[in-house]
Amino acid sequence: MCGAAKFLSLLQGCNSMDRLRKIHAQVLLQGYHGHPAVSAKLLSFCATSTAGDLAYARLLFSGLLCPATDHWNALIRGSSRGPAPLDALSLYNAMMRGASSRPDAFTFSFLLKACALAKAEPKCREAHASIVRSGFSSHVIVGTNLVRAYADNGSIDEARRVFDEIPDKDLVAWNSMISCFCHAGLHDDALKVYDRMRHSGLALDDFTVVGLLSSCAHLGALGFGVRIHKFAEENGFLRRNVFVGNALIDMYAKCGRLDEARSVFDGMRRRDNFTWNSMIVGLGIHGHADEAISLFQRMLMAGVRPNSISFLGLLMACSHHGLVENGIKYFHRMGSAYSIKPDLKHYGCMVDMYGRAGKLDEALEFIHSSPFKDDPVLWRMLLSTSRIHGSVEMGEIAIQNLIEMSAHNAGDCVLLSDIYEHARDSQGVARMRKMVKDQGIKTTPGWSWIEIHGEVRKFVVGDTSHAESEEIYKKLEEMISRAASLGYATERSADWLKNFVDSTTDYHSEMLAIALGLLRTPKGTSLLIVKNLRVCKDCHSLTKYASRIYDREIVVRDRVRFHHFKEGICSCNDYW
DNA sequence: CTAGGGTTAG
């Protein structure tokens, strides 16, 4: 074997820097350091191998008289994955200043990886301009990377524009766009991409399926999810690929179908920690504490190591079910047995758990002893559990802390006002009203979704933008009058704010969604509503009546939990 | 083996 071939073969099998240094020494000794393929191989190992050494790569690079594109690429790639991704951009600029080599598609791919990681949107624009100048704007892989880079920098609209302009989009490009929309929370858009994909004649693969299922889960688009389930099963994705099963479990759980989630879980041949966690979290948000705990134990028996999400699921389950002792036990065990540091969400579950169980003093003490006592989240949690138990005193403590950190919002004022109202303290109610008015505190716009015949329909308060609006309002009036004859009284407790702000008497979004569901789905079909806020007392009560009057199961996914309404009763026992 | 895509929590 002649020299260069020998070195290339040696480098092929190289797996450590020690070994590499020895090979390098031989290369120098025998005068092969100027050989382009040998130096590229040396460089690429140092710059990009996990066992490599970026500093050594730079050293090798600086010894090159006339670095070729491949050399630059190796170094740019290595830098983009290192601790300082922006170095990749400086290298790129240096490359452009020199005349010895031009960038290729690989160069831009690595450069864009760096832009995505560096969270530097202006750098994306710079790279974008270079790509256009160098004539790579139609390259599908470069384009896909650019989409990702913009999306990871929060410029989803720019990502969308770049994507639309890729002339020959392949499967990876489409899948990438779907996952970018998912990450940006634009789940509607993710599902719309699917329609465009079908028209383009491309077959979906398991990546597509996973992305779409995630968006279905977020939207509560059960019908869409079921279709994808069928498709995944028919194409063998579900058997072959653990990601697909995991995404299905999550989709079914988030769409209120724990039974289906469970059956997917039971049918999986291989399970990873996502599988277990998705199931545990699913049980948690539905408040099935005993099952969540026993599943957690099975997970341990199966030798799968729990992580912070496993514990989050467990704690949610405990808090929704009042298992305070268990919750405390798991909260401590996650640190002592698994060295997992509880984060804000875990602390939130604990405050919620103490609070729901009526242990408001413990909740307060817990917040004070936590590392997150300066975060509004925990105080807001204390406030909302104070409402459950009608504690004026604790509610005032909570809002005072929120005010001190200038974090109080309209929702907080509504909560405290509810507490005052329950305590028949009309002055308190008036004070809250005044506070909102004087300080111009903004309300979070509420919305609800329902999926009808595979289409996600979104409603806001008093929405009249739908083609069926007239019908919807008629149906609601009918519902209310029938409910009234059965004893429903409009308490309108949380409505004062809405009336006050909008000067309207419009219906809340979930009731509009429910009315449309009743109108457009066959008798006996259960309805799933997804909301971004909590259900108000009035809607909760009306929905109970609706489930009875129309003999429908109505599932409402709240910001934090599920309400299963059936025959006039809600699974939360009016305790949320 | 020089490139681009995936799930839970937030």
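Begin by selecting residues 507–576 of chain A: 36% of this span is helix and 23% is strand, and its end C-alpha atoms are 21 Å apart. In UniProt, an unreviewed entry lists these residues under "domain: DYW". The model on display is predicted, and every value in this tour is to be read accordingly.

**The whole of chain A**

Next, select chain A in full and colour by secondary structure. The chain contains 31 helices and six strands. Its C-alpha trace extends over about 95 × 55 × 55 Å along the principal axes. Of its 576 residues, 52% count as buried. If contacts between residues at least 6 apart in sequence are considered, 63% of them join residues at least 24 apart.

Now colour residues 343–442 and 448–570 separately. These are domain 1 and domain 2, respectively, in the domain assignment of chain A. A distance of 27 Å separates their C-alpha centres.

**The annotated repeats**

Select residues 170–204, 241–271 and 272–306. An unreviewed UniProt entry annotates these spans as "repeat: PPR". In residues 241–271, helix makes up 74% and strand 0%, with 10 Å between the end C-alpha atoms. For residues 272–306, the composition is 74% helix and 0% strand, and the end C-alpha atoms lie 10 Å apart.

**The surface near DNA strand B**

Display DNA strand B together with the protein residues around it. There are 39 such residues, and those that come nearest are Asp70, Asn175, Asp205, Asn241 and Lys345. Of the strand's atoms that come within 4 Å of the protein, 39% belong to sugar and phosphate.

Which helices should be highlighted here, as each supplying at least two residues of this surface? They are α5 (69–81), α7 (105–118), α9 (140–152), α11 (171–183), α13 (206–219), α16 (242–254), α18 (273–285) and α20 (308–321). Helix α11 provides the largest share, with seven residues. Colouring the surface near DNA strand B by residue class shows 14 nonpolar, 15 polar and ten charged residues.

Three side chains merit individual selection at this point:

- Serine 214: one of its polar side-chain atoms is 3.3 Å from a phosphate oxygen of DNA strand B.
- Asparagine 246: an N or O atom of its side chain lies 2.8 Å from a base oxygen of the strand.
- Asparagine 277: here the distance between a side-chain N or O atom and a base oxygen of DNA strand B is 3.3 Å.

**Asparagine 241**

Move to asparagine 241, which occupies the loop between α15 (237–240) and α16. This residue is one of those that come nearest to DNA strand B. Is asparagine 241 buried or exposed? It counts as buried because its relative accessibility is 16%, below the 20% cut-off, which is evaluated on protein chains only. Its side chain also reaches the backbone nitrogen of phenylalanine 243, at 2.9 Å.

**Histidine 71 in α5**

Select histidine 71, located in helix α5. With a relative accessibility of 4%, this residue counts as buried. Beyond residues up to four places away in sequence, histidine 71 touches Pro36, Ser39, Ala40, Leu43, Phe61 and Leu64. For a sense of scale, draw a line from the C-alpha atom of histidine 71 to that of asparagine 145: the two residues are 74 positions apart in sequence and 21 Å apart in space.

**Methionine 177 in α11**

Continue to methionine 177 in helix α11, the helix with the largest share of the surface near DNA strand B. Methionine 177 has 0% relative accessibility and therefore counts as buried. Showing its surroundings, apart from neighbours within four places in sequence, reveals contacts with Val147, Ile156, Ala159, Arg160, Phe163 and Val193. Valine 193 is 16 residues from methionine 177 along the chain, and their C-alpha atoms are 7.9 Å apart.

**Serine 319 in α20**

The final stop is serine 319, in helix α20. Its relative accessibility is 3%, so serine 319 counts as buried. Setting aside residues up to four places away in sequence, serine 319 touches Cys349, Asp352, Met353 and Arg356. To relate this stop to the earlier colouring, restore the view of domain 1, which covers residues 343–442.

Terms used:
Residues are numbered from 1 along each chain as its sequence is written. Chains are lettered from A and ligands numbered from 1 in the order in which they are written. This is a predicted model: local features need pLDDT of at least 70, side-chain atom pairs count only at pLDDT 80 or more; totals for chains, interfaces and linings use all residues. Side-chain values use heavy atoms; hydrogens and water are left out. Domain bounds come from an automatic or database domain assignment. UniProt positions are given in the numbering used here, feature names are shortened, and annotations may be inferred rather than shown by experiment. Helices (H or I, at least four residues) and strands (E, at least two) are DSSP runs, numbered from the N terminus. A residue is near a molecule or strand if one of its heavy atoms lies within 4 Å of it. A polar contact is a pair of N or O atoms within 3.5 Å; within protein, one must be able to donate a hydrogen and the other to accept it, and residues adjacent in sequence count only if both atoms are side-chain atoms. Ala, Val, Leu, Ile, Met, Phe, Trp, Tyr, Cys and Pro count as nonpolar, Asp, Glu, Lys and Arg as charged, and the others, Gly among them, as polar. Buried means under 20% relative accessible area, exposed over 50%, partly exposed in between (1.4 Å probe, protein chains only). Contact means heavy atoms within 4.5 Å.
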